[in-house]
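Student: Could you take me through one part of this model in close-up? I'd like to follow a single strand, its partners and the packing around it.

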Amino acid sequence: MTEFEVVIGIEVHAQLKTKTKLFSTAANNFGDDVNTNVTPVCLGMPGALPVLNKKAVEFAITAGLALDCEINLTSVFSRKNYFYPDLPKGYQISQFDLPICGLGHLDIDVDGVTKRIGITRIHMEEDAGKLLHQGADGIAGSTHSLVDLNRAGTPLIEIVSEPDMRSASEAKAYMVALREIVQHMGVCDGNMDQGSMRADANVSIRPVGQKEFGTRAEVKNLNSFRSLERAINVEVKRQKALILSGGTVIQETRNYDDATQSTTSLRGKADAHDYRYFPEPDLPPLIVTQDWFKTIKEALPEHPVAKRERYASELGLSQFEIKVLMGDIETDTYFNAAILVNTEIAPKEICKWVVGDINALLKETESSFSKTKLSSAHLAEMVDLILKGTISGKMAKDMIGKMAETGDAPAKLVDSMGGAQISDEGALLEAVKAVLDANLDVIEKIKNGKKQAAGFLMGQVMKATKGKAKPDLVSKLIFEEVKKR
Amino acid sequence: MSIDKKDLEHVLKLAHLDIPDSEKEEFLPQLQRTFSFMKAMDSLPLEGVEPSAYANNQAQFLREDTPENQADLYMEKNAPDWDQGCFSVPQILSGGES
């Protein structure tokens, strides 16, 4: 039986985190009331002229530099012409033959092996509006559609990869790495469920050993890591079956349906698009001066690769902790805010709580690091109380639940939770002595070498102090006192 | 490059225009004449001249990323059909397709 090799290239659309749209001063906000963030430019009104957003250009260059791309200091916007109800002008302003960024690359890690994936280009373009199909779940079977133009004109970068990936898991690793880059470079929020980052996968197969690529199909709008991975596997299976039964793959766009685990043709070859790109007459070439380019370079946020290294070498974080922080920008932002509150505290002590108990609590309560009432400042305060011995680790675990619920400061909660841990040696010694006096037989056992019997005494002291005694201090006092007797 | 009726029909289709055959006969020679104007450029000495898309070398003007409140655009008055704050458009895919 013929063995096939899978060849995958990915196009990722990432929405830029600007305050306004690419060519208009309308707000770039997700989730606002329909058709409230629109201007005559977004509507494509006659005579309305586009004016390019400087910040969007800076973000595009920032992404390009993070992916080691060549930056084209002169680039050109073009019109991509097609008719669709979500595109009021009848064309999308995009970049075609002279995009802002050229060749670059991104290293991915699959099963411990590093692989370099080529980046073909990054270009800037505007997003289309949103269609709300009526009378059915999707476009198929709908009776009519409502058009919300809030998204129309949102700045996007399209990052196009070389056909360098050979499996669905490599494609997923690429997407994960790319998301980390755009999030940590601060250009895109990376919220795939809100459509801030969407992938199209170009998938083809060829017999192992064949040099020429097979004909590819483009699978559209994959908006989660899982759907990207699954859609590729489903499409590969379809192409294999097709070729083995004597058919041929045609170049086309296909839609992936997660429910049926299948891809279906979106446009036949007969009406393949002819976009008639031409330079946008309303916009002269974009020229980035050397000075401006230098300013952008100097202001570049820390690259995720450098950040990972710093977390390991300077902060002493474990690989697991680094993975959790880097995998979610909100978690990382929270952690970095918390370690700045009190620089006396070792970041590792803070990280333990962020990655461990708080992360678990937020998942359980379906909250997040940006939404929780447990502020990063309160976390730092709490860790400080633990390190000073005011509260125990166990008390802290209860405390984070309360802080997340009420937003109260740790100092306030210490009292309402029954007061601080008893770490005063004199006060504890009284309690220890009382317990020892009542348990002379246990003392004998310890003296005869049964050290674990001290656990019972520890329990009694804890009971007597309502759990507030500082455990390591109690343990120390018990052994000291036993020796004296 | 010459343009034949097939090219014209392709362009009409892309532009979503539907015109009778008699008008195609009328427009085709006009379009061919327009294209033949371009041939005049062939007589110029253009060796080493880069193609240009713009008449002057002006750089693009850029805007700061500051939102502005928008005046009421009376969108509903410009919409042939307006529903729940949105432009309502007819069925996109025709019946049998999916």
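**A strand and its surroundings**

Tutor: Sure, and keep in mind that this is a predicted model. Chain A splits into domain 1 (4-290), domain 2 (302-416) and domain 3 (425-484). Between the centres of domain 1 and domain 3 of chain A, taken over C-alpha atoms, there are 67 Å.

Let's zoom in on strand S7 of chain A, residues 113-126. On one hand, S7(A) pairs with strand S6 (residues 104-110) of chain A, antiparallel, through seven bridges. One spot to look at in that pairing is A:Ile108, whose bridge partner in S7(A) is A:Lys115. The S6(A)-S7(A) hairpin leaves two residues between the strands, and A:Asp111 has a positive phi there, near 50 degrees.

S7(A) also pairs with strand S10 of chain A, residues 155-161, again antiparallel and over seven bridges. Here A:Ile122 has A:Ile159 in S10(A) as its bridge partner.

A:Ile122 is worth following further. It belongs to the largest nonpolar core, a set of 71 residues, and is listed with A:Ala60, A:Ala63, A:Ile157, A:Ala171, A:Tyr174 and A:Ala201 as having the most contacts inside that core. Helix H3 of chain A (residues 168-184) supplies the largest share, eight residues. Now click on A:Ala63: setting aside neighbours within four places in sequence, A:Ala63 contacts A:Ile122 and A:Ile157, plus A:Val182, A:Met185 and A:Val187. Apart from this core there is another one, with 28 residues, including A:Ile322, A:Ala380, A:Ile400 and A:Leu413.

Notes:
Residues are numbered from 1 along each chain as its sequence is written. Chains are lettered from A and ligands numbered from 1 in the order in which they are written. This is a predicted model: local features need pLDDT of at least 70, side-chain atom pairs count only at pLDDT 80 or more; totals for chains, interfaces and linings use all residues. Domain bounds come from an automatic or database domain assignment. Two strands pair if DSSP finds at least two bridges between them. Helices (H or I, at least four residues) and strands (E, at least two) are DSSP runs, numbered from the N terminus. A nonpolar core is a set of buried Ala, Val, Leu, Ile, Met, Phe, Trp, Tyr and Cys residues joined through C-beta atoms within 7 Å. A residue is buried if 20 or more other C-beta atoms lie within 10 Å of its own, exposed if 12 or fewer, and partly exposed in between; C-beta atoms are placed from the backbone. Two residues are in contact if their C-beta atoms, placed from the backbone, lie within 7 Å.
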